[in-house]
Amino acid sequence: MRKKIVAGNWKMNNDLEAGKKLAQEVLDKATGNEEAQIVLGTPFIHLTALAESVVGKKGIEVAAQNCSDKAAGAYTGETSAEMIKSTGVNYVILGHSERREYFNETNEQLAAKLDLALVNNLTPIFCCGEPLEIREADTQYDYVKKQLTESLFHLSVEDFAKISIAYEPIWAIGTGKTATAAQAQEMHAELRSHLASKFGQEAADACPILYGGSCKPSNAKEIFEGVDVDGGLIGGASLDADDFLAIVNSF
Ligand SMILES: O=C(CO)COP(=O)(O)O
């Protein structure tokens with residue numbers, strides 16, 4: 001069976017104390033028998049503390065929300081995949097639409113980030129998703145498949161097997177407007193068959209594809225029922241331990 005993952009994306013929220021408190025609350029309230037792998041995607045400042053306090057406990061993992069597309073050197077303000085790994089965390093979220101939109105990340109740069117994450121034994125959660133105008137023009141499948149082609153299709157089958165994908169329609173992020181369960185399932189199935197065309201059916205079938213965009217305790221169960229929906233990438237609702245764990249327990 002495919003691995004299920006529910007990852008929180010705290011975005012730029014929580015100072016150090018607030019982040020430690022939230023992570024501890026998730027750890028305290030988790031049973032350790034969740035159906036889904038729990039991942040907390042936090043700002044860089046939390047990684048070292050949370051690597052010690054929660055990583056590996058009750059199966060919880062922690063993710064950075066980005067890494068540099070450069071390995072090392074004179075790149076002021078950047079944080080490398082190697083540095084992230086050295087904190088003791090094991091995951092990294094790459095290609096979030098906010099990074100693409102506000103920091104101009106391109107599919108090509110994301111391919112370089114993915115390579116560096118994999119070389120440094122970080123598990124990437126690779127984000128993709130279309131803006132509203134693309135959905136309205138009904139060209140969303142081609143748009144999202146292109147994101148995958150340009151950032152992932154250089155990988156070996158072996159490396160591809162290490163990554164997860166998060167489909168996040170931009171029009172559903174932070175808007176309270178989710179994709180319907182049918183829209184999510186349809187896109188996930190399209191993406192899986194696209195991945196199969198490159199990496200083979202077996203590898204595509206093993207790849208967790210998460211949904212993100214206004215996922216909440218009230219709608220998670222219905223969304224997660226899609227056969228190709230293997231969990232969620234949760235923004236706003238991941239800032240509350242009870243809401244986040246309710247989503248984790250929605251399978
Ligand atoms: O961007 C998201 C997760 O990465 C989704 O955010 P919301 O759950 O707040 O819509």
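What span should the 13 residues of helix α5 (residues 107–119) cover, and how far apart are its end C-alpha atoms? In this predicted model, a rise of 1.5 Å a residue leads to an expected span of 18 Å for α5, and the end C-alpha atoms are indeed 18 Å apart, so expectation and model agree. Helix α5 makes a good starting point for a walk through the helix packing described below.

Several residues of α5 are buried, namely L110, K113, L114, L116, A117 and L118. A lysine is thus listed here together with leucines and an alanine. An α-helix has 3.6 residues a turn, so residues three or four places apart point the same way. The cover over the buried residues of α5 comes from elements that include the helices α3 (81–86), α7 (140–152) and α8 (157–160), together with the strands β4 (91–94) and β5 (123–128).

One of these covering elements, α7, deserves a closer look. Helices α5 and α7 pack with their axes 7 Å apart, at an angle of about 50°. The two helices are therefore oblique to each other, and α5 passes α7 in a right-handed crossing. On the α5 side the contact is made by N107, E108, L110, A111 and L114, while α7 contributes Q147, E150, S151 and L152. Sorted by class, this contact has four nonpolar, three polar and two charged residues. Two of the α5 residues in this contact, L110 and L114, also appear among the buried residues of that helix.

What follows α5 in the chain, and what is notable about its backbone? The helix is followed by N121, whose phi is positive, near 60°. This residue is not a glycine, although its phi has that positive value. N121 is found in the loop between α5 and β5. With 11 other C-beta atoms within 10 Å, N121 is exposed, because 12 or fewer such neighbours count as exposed. A positive phi is also found at K58, another residue other than glycine, where the angle is near 50°. K58 lies in the loop between α2 (47–53) and β3 (61–64). Its surroundings hold 15 C-beta neighbours inside 10 Å, so K58 counts as partly exposed.

Helix α7 has a further partner in helix α9 (residues 181–199). The axes of α7 and α9 come within 10 Å and cross at roughly 45°, and the two helices are therefore oblique to each other. The crossing is right-handed. From α7, the contact draws on Q140, Y141, V144, K145 and L148, and from α9 on M187, E190, L191, H194 and L195. By class, six nonpolar, two polar and two charged residues make up this contact of α7 with α9.

Is D142, a residue of α7, buried, exposed or partly exposed? With 13 other C-beta atoms within 10 Å, D142 is partly exposed. The C-alpha atom of D142 is separated by 35 Å from that of A72, a residue 70 places away along the chain.

A further helix pair joins parts of the chain that are far apart in sequence numbering. Helix α1 (residues 16–29) and helix α12 (residues 241–248) have axes that come within 9 Å and cross at roughly 45°. That angle makes α1 oblique to α12, and their crossing is right-handed. L22, E25, V26 and K29 in α1 meet A241, F244 and L245 in α12. The contact has five nonpolar, no polar and two charged residues when sorted by class.

Which residues does A241 touch, leaving aside those up to four places away in sequence? A241, placed in helix α12, touches L22, E25, V26 and K29. These are the α1 residues already named in the contact between α1 and α12. With 19 other C-beta atoms within 10 Å, A241 is partly exposed, since a residue counts as buried at 20 or more. A241 also illustrates how the fold brings sequence-distant residues together: A241 and L27 are 214 residues apart in sequence, yet their C-alpha atoms are 9.0 Å apart in space.

Terms used. Residues numbered from 1 in each chain as written. Predicted model: local features only at pLDDT ≥ 70, side-chain atom pairs only at ≥ 80, totals over all residues. Helix = DSSP H or I, 4+ residues; strand = E, 2+ residues; numbered from the N terminus. Expected span 1.5 Å × (residues − 1). Contact = placed C-beta atoms within 7 Å. Axes fitted to C-alpha atoms, helices over the stretch in contact; angles between N-to-C directions. Parallel < 35°, antiparallel > 145°, perpendicular 65-115°, else oblique. Left-handed = near helix turned anticlockwise from the far one by under 90°. Nonpolar A, V, L, I, M, F, W, Y, C, P; charged D, E, K, R; others polar.
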